[in-house]
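Please look through the sequence and the structure below, with attention to the empty spaces enclosed in the protein and to the helix pairs that pack against each other.

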Amino acid sequence: MLREALAAERWSEAARVISTTWGMLIEEFPADLDAAFQLLPVESLRTAGGVAAVREIWLATSIERQHVVPAQAPTPAMEFADSLMNSDVRHQSLNDLALACAHMIAARMGGRHAEALEHARRVETLSHLVETTVPAARRVRQPLALLQAGITRALASDIPGALPLLQSAYERAPYGRSEYVAKGAAANLALFHAISGDIDIADRWLARHAEIPSVASPHTERVLFTGDLARALISIETLDQGGAEEALSRLEQGVNVEQSWGPVVTFLRARHGLVWGDRFRTLSWLHRDTERYAQRLGPASTMGPLLAAAEVDLLLSVGRGDQALARLNRTAPDPILTVARARLELLAGLPDEAARLAAEVADVTHTSRVRLEGLVVQAAAAMRSGRTRAAHEAFLLVQESTRSTGARIPLAGLAESLRQALHTLVGAAAGTAERHHLERPMFPGEVAVVRLTNQELLMLRGLASFQSQKELADAMYLSLNTVKTHLRAAYQKLGASSRAEALAVAGGAGLL
């Protein structure tokens, strides 16, 4: 039908076929879809429902995407039929499901997480409608739609909402036309459970992924790629260096995958570098990739806070406490970043502040990753403050959480002497702490942190912009003496005796 419509230049008919059968076209007839996007007038891409979204997906995944010239207009907003509410037109629900999926995936691939999440909610509603009103023989699109909605929620900062959708996709996979859905759902369940810190559950899903045979499909490499993401993260979190490096080596291959996974790969490399790799080199890669994926790491992004926390941990690991603090200060609040700040305060010699911050996140309402890392900092901070009873209670929870999740990195991040002291405090069996032993410590015993006030920072940044003290005073409606007082305090904290030295030290610490 598509070939005939294109040959006859019936553009509206060709657009309709693409809108309703785009999943099949991508999977089974990619050459025809590529030809269609080369021939269709730009106006058709802008006005036909779903075609611009499908084209955006094609651009993001097609090996031959250079053949397609991007349309000038963004993907138009989705207009729903009344099938969500009106039973008389529910026969449209399958077409609406395909259309909603196209818009959802296009928004996700473009890093527009809030928009993608809204479409994911519509996909869920339409999937439920299809389940209850469409005969089973025609529900072939539903499992794939649920899989894509689950991936979308997971990347859009809603992993708890994603996991049931991914499990539904796995369970309904036999009813679908796409044979790779079950394997893909299992891989994504493994990956996002691992990101949440539930490593034992992730490992069980990864075993299911491995048990399902691979089928010949354009999507096979992508499904295997997601499995390798999960395998790498599980190996890293359980301190299996060999398994981690084997899985990471497969991620270096030129697999044609959706670029939404790029930040996940960066996170894996950052975690690996923190434990075993060249930390300075890893920091360089992390800075490069954070800039490269900036549009995918904005609001409502799962990976944005995780990459920021990974950067803070790497900075702390090489003793750059000032830069770690500066990174935290320019990042929106998030539980995983509260843990990172608590760790910074612990290493900076403020255990009471570390304990206070850790207590905020050591709660069952957060992910297992956040809770366990918070409990570890809380136990260590209490121990350093001499509050042995609080340390005992927190460390018992650490042990319980470690057993239930299978995660080992958080406990391995403690200094060996402190870890041994905590094990002794709770009467752990000899050798228990050795399971978490690393050849090199993840963090130094302490880090130095320069804490400048906002006014002091403003003064230094003004000097860095070549403003004079008089110009700073005028711009901030302060007296010249007040400006000089702030600058003297800043110089003293930085250990500098001149403007040039202060700016050099502050710049090196990432404060400017």
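The largest cavity is lined by 20 residues, and those nearest its centre are Arg343, Pro410, Gly413, Leu414 and Phe443. A cavity here is a set of points, on a 1 Å grid over the protein atoms alone, where a 1.4 Å probe fits but cannot get out, and a lining residue has an atom within 4 Å of a point. The model is a predicted one, in which local features need pLDDT of at least 70 and side-chain atom pairs count only at pLDDT 80 or more, whereas totals for chains, interfaces and linings use all residues. Residues are numbered from 1 along each chain as its sequence is written, and side-chain values use heavy atoms, with hydrogens and water left out.

Helix H14 (262-275), helix H18 (335-347), helix H20 (368-384) and helix H22 (409-412) are the elements that each give two or more residues to the lining of this largest cavity, and H20 provides the largest share, 4 residues. Helices are DSSP runs of H or I with at least four residues, numbered from the N terminus. By class, the lining has 13 nonpolar, 2 polar and 5 charged residues, where Ala, Val, Leu, Ile, Met, Phe, Trp, Tyr, Cys and Pro count as nonpolar, Asp, Glu, Lys and Arg as charged, and the others, Gly among them, as polar. The space in the largest cavity is about 220 Å³, a volume being the space filled by probe spheres set on grid points that are joined across faces, edges and corners.

In total the structure holds 6 cavities of 30 Å³ or more, and the second largest contains about 80 Å³ of space. H14, H16, H18 and H20 each supply at least two residues of the lining of this second largest cavity, and among the lining residues are Phe267, Arg271, Ala310, Asp313, Arg343 and Glu373. This lining divides into 7 nonpolar and 5 charged residues, with no polar ones.

H14 also packs against helix H12 (residues 220-237), at an angle of about 25 degrees and with the axes 10 Å apart; axes are lines fitted to C-alpha atoms, for helices over the stretch in contact, and angles run from 0 to 180 degrees between N-to-C directions. H12 is therefore roughly parallel to H14, a term for angles under 35 degrees, while those over 145 count as roughly antiparallel. In their contact (heavy atoms within 4.5 Å), residues of H12 including Phe225, Leu229 and Ile236 meet residues of H14 including Val264, Phe267 and Arg271. The residues of this contact comprise 9 nonpolar, 1 polar and 2 charged.

H16 (residues 303-317) in turn packs with helix H15 (residues 279-292) at an angle of about 150 degrees, their axes lying 10 Å apart, and the two are therefore roughly antiparallel. Here Arg279, Thr282, Leu283, Leu286 and His287 in H15 meet H16 residues that include Leu307, Ala310 and Leu314, and the contact residues divide into 6 nonpolar, 3 polar and 2 charged.

Another pair is formed by helix H8 (residues 142-155) and helix H9 (residues 159-172), which pack at an angle of about 160 degrees with their axes 8 Å apart, so that H8 is roughly antiparallel to H9. Among the residues that meet are Leu146, Gly150 and Ile151 in H8, and Ile159, Ala162 and Leu165 in H9. The residues of this contact divide into 11 nonpolar, 4 polar and 2 charged.

Notes. Angles under 35 degrees count as roughly parallel, over 145 as roughly antiparallel, 65 to 115 as roughly perpendicular and the rest as oblique. On a 1 Å grid over the protein atoms alone, a cavity is a set of points where a 1.4 Å probe fits but cannot get out, and a pocket is an open set with protein on both sides within 12 Å along at least five of seven lines; lining residues have an atom within 4 Å of a point.
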